[in-house]
Amino acid sequence: MPGIEKLPIEETLEDSPQTRSLLGVFEEDTAAISNYCTQLYQAMQRIYDAQNELSAATHLTSRLLKEYDKQRFPLGGDDEVMSSTLQQFAKVIDELSSCHAVLSTQLADAMMFPITQFKERDLKEILTLKEVFQIASDDHDVAINRYSRLSKRRENDKLRAEVVEDVYTSRKKQHQTMMHYFCSLNTLQYKKKTALLEPLLGYMQAQISFFKLGSENLTQQWEEFLGTIGTSVQNVRREMEEEVGQMQQTIQEMERACDALYAPCDPDPAHSPVSRNLTRKQGYLYIRNKTGLVSSSWERQYFFTQGGNLMQQGRGEVAGGLVTDLDNSSVMAVDCDDRRFCFQVTSFDGKKVVTLQAESRKECEEWISTINNISRRIYLSENAEELAARVNQSALEAVTPSPSFQQRHESMRPTSKGRTGRASSISSVGSEPSPALSVLSLDALVAPETPIQFDIISPVSEENSGQSKTAPQSSRRSNPFGESGESTAEDSEDSILHQLFIVRFLGSMEVKTAESVDVISETMRQILAARAIHNIFRMTESHLLVTCDCLKLIDPQTQVTRLRFPLSTVVQCLSHQDNKRLFGFVLQSASGRSDSRAMCYIFESNNDGEKICDSIGLAKQIALHSEMDRKAVEKKKEEDKAKEKQKEELSKQRQIEKDLEEQSRLIAASSRTANPPGSDGQFLVLSNSQSEDSDAGEEGKKKGESEA
C-alpha cells in the first residue's frame with residue numbers, strides 16, 4: 001500500500017493558514033469520498049435488491065413448478081413425463097432458490113453492512129466534528145476580538161479577567177476539537193480503503209460460495225486472489241490501529257504541554273523573555289484599514305516575514321500577499337486610542353504606513369526587534385541571529401565612552417563577510433571617521449554623561465515666567481537660541497523662501513564644539529544608541545518651516561509654533577552619509593561665538609535630509625544677500641537725507657540774503673526823505689548791522705556753494 005497522507009496534529013494550536021489550507025484539501029477529499037461512497041452504496045443496494053428479487057423469483061418459480069400437477073388444462077392433461085420432469089426442475093430450482101436466499105443473507109452481512117456502517121457512522125461523525133470545530137473556531141474568534149477591544153484602563157479588572165478566561169476556554173476548546181477532527185480525518189484515509197475493499201471482498205466471497213458447487217477451479221483462483229486481498233485488508237487495519245494509538249498519545253501530550261499557551265498573555269514575563277535576535281517571525285496580528293476619512297477598522301490576519309518583505313495571508317488563501325518592503329524601513333511603538341500593543345511600520349520612502357496590533361507586549365516587542373533587524377539587512381548574513389545578537393550588544397555598549405572614536409569604530413567593525421554597512425547603523429552612525437577626528441578624544445565633541453532630550457519642550461513657560469519680573473533685574477532667564485513660543489508670523493510673511501518638511505524629532509544634547517564637522521555624526525550615534533538601549537521608539541512628528549529669518553517647528557495638528565531657531569544661530573547642518581533620512585544641525589548661543597554653549601538637534605525625515613540641509617544653506621545665503629542689500633539701502637537713504645539737508649540750508653541762506661537786501665533798500669529810501677540830526681547816528685547803526693548781515697550772507701553763500 002502507498003503512504004498515507006496525514007494532517008499534522010502538532011500544528012493545530014498555531015492554526016496557521018497553511019494548516020487551514022491543508023485541512024481544506026482533506027475536507028475536499030472527504031466530500032469526494034462521501035459522494036463516491038454514496039454512489040457505490042446505491043449500486044450495491046441495487047445488487048442486493050436484485051439478489052433478493054432473484055431469490056424470491058426463483059422460489060416462486062419452484063412453487064409454480066410444484067403446482068403444475070394441480071393445474072387443469074382443457075387439452076393435454078395427465079402428462080406424467082412432463083409432470084415428473086417439471087418436478088425435477090422444481091426440486092433443482094428449489095435448491096437454487098435456497099442458494100440464492102443464502103447468497104442474499106451473505107450479501108447483506110458481508111457487502112451491505114460494512115459500507116452502510118462507513119456511510120452512516122464514520123462519514124456522519126466527521127461531518128458532526130466539522131460543525132463542532134467550526135462553532136469552536138467562531139467562538140474563539142469572537143473571544144479574541146473581544147479581548148483585543150479591551151480598554152487600556154485598569155479599573156475594570158473583573159471584565160478583563162472574564163475576557164481572558166473566555167479566551168482561554170474558547171482556545172482550549174478549539175484546540176481539542178481541532179485535534180480530534182484531524183484525528184478523524186487521518187483515520188478516514190485508512191477507513192476509506194477498508195470501506196471499499198471489505199464490501200467487495202464480501203460480495204466476491206458470497207458469489208464464490210454460490211458457485212462453488214459448479215466451478216471448483218474458478219473458486220480456487222478466486223480464493224487465492226481474495227486471500228491476498230484479505231491479507232492486505234488485515235494489514236491496513238493493523239496499521240490503522242497503531243496510528244490511532246499514536247495520535248491519541250500525541251493528543252494527550254499536546255493537551256498537557258499547551259495548557260499554558262491558551263492564555264493570550266503570559267502570566268509570568270520572566271518565564272518567557274523577549275527575544276531580540278530574531279530575523280524571521282510569523283503569527284496573527286490585527287491590521288488597521290481605513291474605511292473613511294476619519295474612520296478605520298481592524299482585521300485579523302496571519303503575518304510572516306519572507307526575506308526583506310512583510311507578508312500577510314488570510315484564512316483559506318493558498319499564498320500570502322506583500323504588505324510592505326522592510327529594507328531601510330522604520331518601526332516604532334505607537335499609542336492607539338482604542339487598541340493596546342500597537343506598533344507602526346513606515347516604508348523607506350515614508351509613503352506607506354502600516355499600523356499593527358500584537359496579542360501581548362512580548363509579541364509587540366519581538367515584532368519591533370525583528371523588523372529592526374530586517375531593516376538593517378541582517379537576514380542576508382550567513383549567521384543572522386548571531387550577527388543580530390552582536391549588533392544589539394554593540395547598541396548596549398554604544399553609550400559607554402571609549403578612549404577614542406577610532407578605537408570604538410574598530411571594536412564595532414563586523415567580522416562576518418556577509419554583514420553590510422547598514423547592519424550597524426544603530427550603533428555607529430558615521431561611516432569612516434575623518435582624519436581630524438581620529439586624533440580627538442570623545443570628550444572633545446560630546447561631554448560624557450551629557451543628558452539627552454528625547455521630546456520637544458517648548459520654552460514658552462520659561463519666557464512667560466521671565467516676563468513677570470522687572471526689567472532691571474539681572475536674574476531673568478533668557479533663551480540663548482532665540483526660541484520663543486510667541487507667534488512670529490510677521491517674520492516669515494516677508495521672507496522670500498518658504499519650504500515645509502515633515503520631520504520627526506529624535507533628540508538633542510549639548511555639545512562642546514560647534515565648528516567640528518563630525519559633531520553631528522557623533523550626536524546621531526549617541527542618540528540612536530540611547531534610544532535602542534532604553535527601547536524608546538516614540539517620536540514627535542512636526543512640520544519644519546525653513547525661511548530666510550528662522551527655522552520653525554510647527555505642531556501639525558494645532559499649527560502652533562513649538563520651537564523657533566533664528567537662522568543666525570545655525571552654525572552647520574549635515575545629513576547622514578548612509579541613511580539619508582537622518583539629519584541634524586548645531587545651534588550656537590545667540591550671544592556670539594564667545595559663548596561656548598552649543599546644542600545639536602537630530603531629526604528623521606522622509607528620505608529628504610540632504611534636501612533640508614540644502615534648503616537651510618540656501619536660506620542662509622538669501623539672508624546674507626538680504627542683509628547686504630539692506631545695508632546698501634540704508635546707506636543710500638543717509639546720503640539722500642544729507643543732500644536734502646544741504647538743499648534746505650542753501651534755501652534758508654538765500655532767503656536771508658533776500659530779506660537783508662530788502663531791509664537795506666528800505667533803510668536807504670528812508671534816509672533820503674528825512675535828514676534829522678539824530679537820524680545820522682541811527683543810520684550809522686543800521687548801516688553797520690546791514691554790513692554785518694551782508695557779510696554773513698556772503699560767507700554762508702560761499703560755504704553752501706563749496707559744499708554743493
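This report describes a predicted model, taking up a sheet and its helix, a set of aromatic rings, two charge-over-ring placements and one residue of helix α1.

## The seven-stranded sheet

In this predicted model, 7 strands form an open sheet with antiparallel pairing, and their order across the sheet is β11-β10-β9-β8-β14-β13-β12. Strands β11 (561–566) and β12 (570–575) stand at the edges with a single partner strand each, so one side of each is left without a neighbour in the sheet. On average, and with direction ignored, neighbouring strands of this sheet are turned by 30° against each other.

Within the sheet, strand β8 (residues 499–511) and strand β9 (residues 540–546) run antiparallel and are joined by 7 bridges. One residue pair can be followed directly in the structure, since Leu 544 in β9 is the bridge partner of Phe 501. As a general matter, strands of a sheet pair through backbone hydrogen bonds, and they do so either parallel or antiparallel.

## The helix on the sheet

Helix α11, which covers residues 519–533, packs on the sheet and touches β8, β12, β13 (582–588) and β14 (598–605). The direction of helix α11 makes about 85° with that of β8.

## Aromatic rings

The count of aromatic pairs in the model comes to 10. For the rings of Phe 585 and Phe 603, the centres are 5.6 Å apart and the planes stand at 25°, which is under the 30 degrees set for stacking, so this pair is stacked. The pair links distant parts of the chain, with Phe 585 in strand β13 and Phe 603 in strand β14, 18 residues apart. Both Phe 585 and Phe 603 are buried.

These two residues also belong to a cluster, in which ring pairs link Phe 505, Phe 565, Phe 583, Phe 585, Tyr 601 and Phe 603.

## Charges over rings

Two arginines are placed over tyrosine rings. The charged end of Arg 300 sits over the ring of Tyr 284, at 4.2 Å from its centre, while Arg 340 lies over the face of Tyr 147, at 5.4 Å from the ring centre.

## Gln 51 in helix α1

Helix α1 spans residues 17–66, and Gln 51 is found in this helix. The relative accessibility of Gln 51 is 8%, and because the cut-off for burial is under 20%, this residue counts as buried. When neighbours within four places in sequence are left aside, the residues in contact with Gln 51 are His 100, Leu 103, Ser 104 and Leu 107.

Note on methods: Residues are numbered from 1 along each chain as its sequence is written. This is a predicted model: local features need pLDDT of at least 70, side-chain atom pairs count only at pLDDT 80 or more; totals for chains, interfaces and linings use all residues. Side-chain values use heavy atoms; hydrogens and water are left out. Two strands pair if DSSP finds at least two bridges between them. Helices (H or I, at least four residues) and strands (E, at least two) are DSSP runs, numbered from the N terminus. Axes are lines fitted to C-alpha atoms, for helices over the stretch in contact, and angles run from 0 to 180 degrees between N-to-C directions. Contact means heavy atoms within 4.5 Å. Buried means under 20% relative accessible area, exposed over 50%, partly exposed in between (1.4 Å probe, protein chains only). Rings of Phe, Tyr and Trp (its six-membered ring) pair if their centres lie within 6.5 Å; planes under 30 degrees apart count as stacked, over 60 as edge-to-face and the rest as tilted. A charge sits over a ring if NZ of Lys or CZ of Arg is within 6 Å of the ring centre and within 35 degrees of the ring normal.
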